[in-house]
Amino acid sequence: AALVVTQVALSVVLAVTSGLFARALAQGLRIDPGFDADVVASFTVRFDPERYDPAEASALGRRLAAELEALPGVAAAALAEGAPVSVARTPTPVVIPGVEPPPGEDAWVMDVRAVGEGYFDAVGIGLVAGRGFDAEDDRGPLAVVVVSRAFVDRFFRGGPAVDRTLDLDGTPVRIVGQTGDVRYVLQDDSPDPLVYVPLGPTERPTRTVVLRADGDPLALAPAVRSRVEALLPEHPPVTPRTVRETLTFVLLPQRVGAAVDQLRPAAEGDGRD
């Protein structure tokens, strides 16, 4: 009898869990990051630091992006420090002239994303004003930034942002462009203010390659792997993943947990009888 009760209880748990997973997957498919998550894909490449110095790796990365962009079916390609949407944040102190920081603080702390030339086209993020980064910006040193609409709305009350200055972690920079808002971290609330900086040479050996396809980006995987192999023969095969896959699977634990929390009060209520 105890065995039967245990089996029935486990069956109920499995049925409820399966329903929660299905619900989480369906919600992941409906999330709108602010661009077309089905045609944008990314993958990581690693430039061996024993073989390439930062400047060489940066130049080779730009060449890879250009060669991928020339492939049939690829609308645009670019480099970045990370995937277009992830779970990682990059908190950085930002001083905004004329805007007081939070009480007791010397600066605002917000996310800063390092992206290469052509990134906004590759992801499909529209520019509201000004320009994106060009090749000279991408070679450094850091001198210019692009900010999001949420940044402008919060700190400049929607006023013009281009040509204003900021102090980014101790470095004075000038705003050259403003983008629309996107969900760059896996969140359900309104997008946070975001500052983009040029990727430039970096000591980090990895880069994220982002590409936007005219159709299904996964259909381009063989051609992408071939191009990476030709340029980096020592590199293991790469696996492009669409942003939709990221939204669906990486967010899954958060959504299952949230669904469980929603069910808990009902379960606790049943237990009072």
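**Exercises on pockets and cores**

The largest pocket in this predicted model has a volume of about 320 Å³.

**Exercise 1.** Describe the lining of the largest pocket by position, by strand and by residue class.

*Solution.* Step one is to find the centre: of the 18 lining residues, Ala114, Leu142, Leu168, Val197 and Pro198 lie nearest to it. Step two is to assign elements: β4 (108-115) and β9 (194-198) each contribute at least two lining residues. Step three is to sort by class, which gives nine nonpolar, five polar and four charged residues.

**Exercise 2.** Do the same for the second largest pocket, and state which element supplies the largest share of its lining.

*Solution.* The second largest pocket has a volume of about 220 Å³. It is lined by 20 residues, and Glu81, Gly82, Ala83, Ser86 and Arg113 are the closest to its centre. At least two lining residues come from each of β4, α3 (119-123) and β9. The largest share, three residues, belongs to β4. By class, the lining holds 14 nonpolar, three polar and three charged residues.

**Exercise 3.** Outline the largest nonpolar core, then list the contacts of Val224.

*Solution.* Start with the core, which has 43 residues. Those with the most contacts inside it are Phe43, Val145, Val147, Phe151, Phe156, Leu166 and Val224. Helix α2 (residues 54-69) gives this core its largest share, five residues. Next take Val224: leaving out residues up to four places away in sequence, Val224 touches Phe43, Leu68, Leu71, Leu211, Val238 and Pro240. Finally, note a second, separate core of 26 residues, with Val39, Val40, Leu194 and Val210 among them.

Notes
Residues are numbered from 1 along each chain as its sequence is written. This is a predicted model: local features need pLDDT of at least 70, side-chain atom pairs count only at pLDDT 80 or more; totals for chains, interfaces and linings use all residues. Side-chain values use heavy atoms; hydrogens and water are left out. A nonpolar core is a set of buried Ala, Val, Leu, Ile, Met, Phe, Trp, Tyr and Cys residues joined through side-chain atoms within 4.5 Å. Buried means under 20% relative accessible area, exposed over 50%, partly exposed in between (1.4 Å probe, protein chains only). Helices (H or I, at least four residues) and strands (E, at least two) are DSSP runs, numbered from the N terminus. Contact means heavy atoms within 4.5 Å. On a 1 Å grid over the protein atoms alone, a cavity is a set of points where a 1.4 Å probe fits but cannot get out, and a pocket is an open set with protein on both sides within 12 Å along at least five of seven lines; lining residues have an atom within 4 Å of a point. Grid points are joined across faces, edges and corners, and a volume is the space filled by probe spheres set on the points. Ala, Val, Leu, Ile, Met, Phe, Trp, Tyr, Cys and Pro count as nonpolar, Asp, Glu, Lys and Arg as charged, and the others, Gly among them, as polar.
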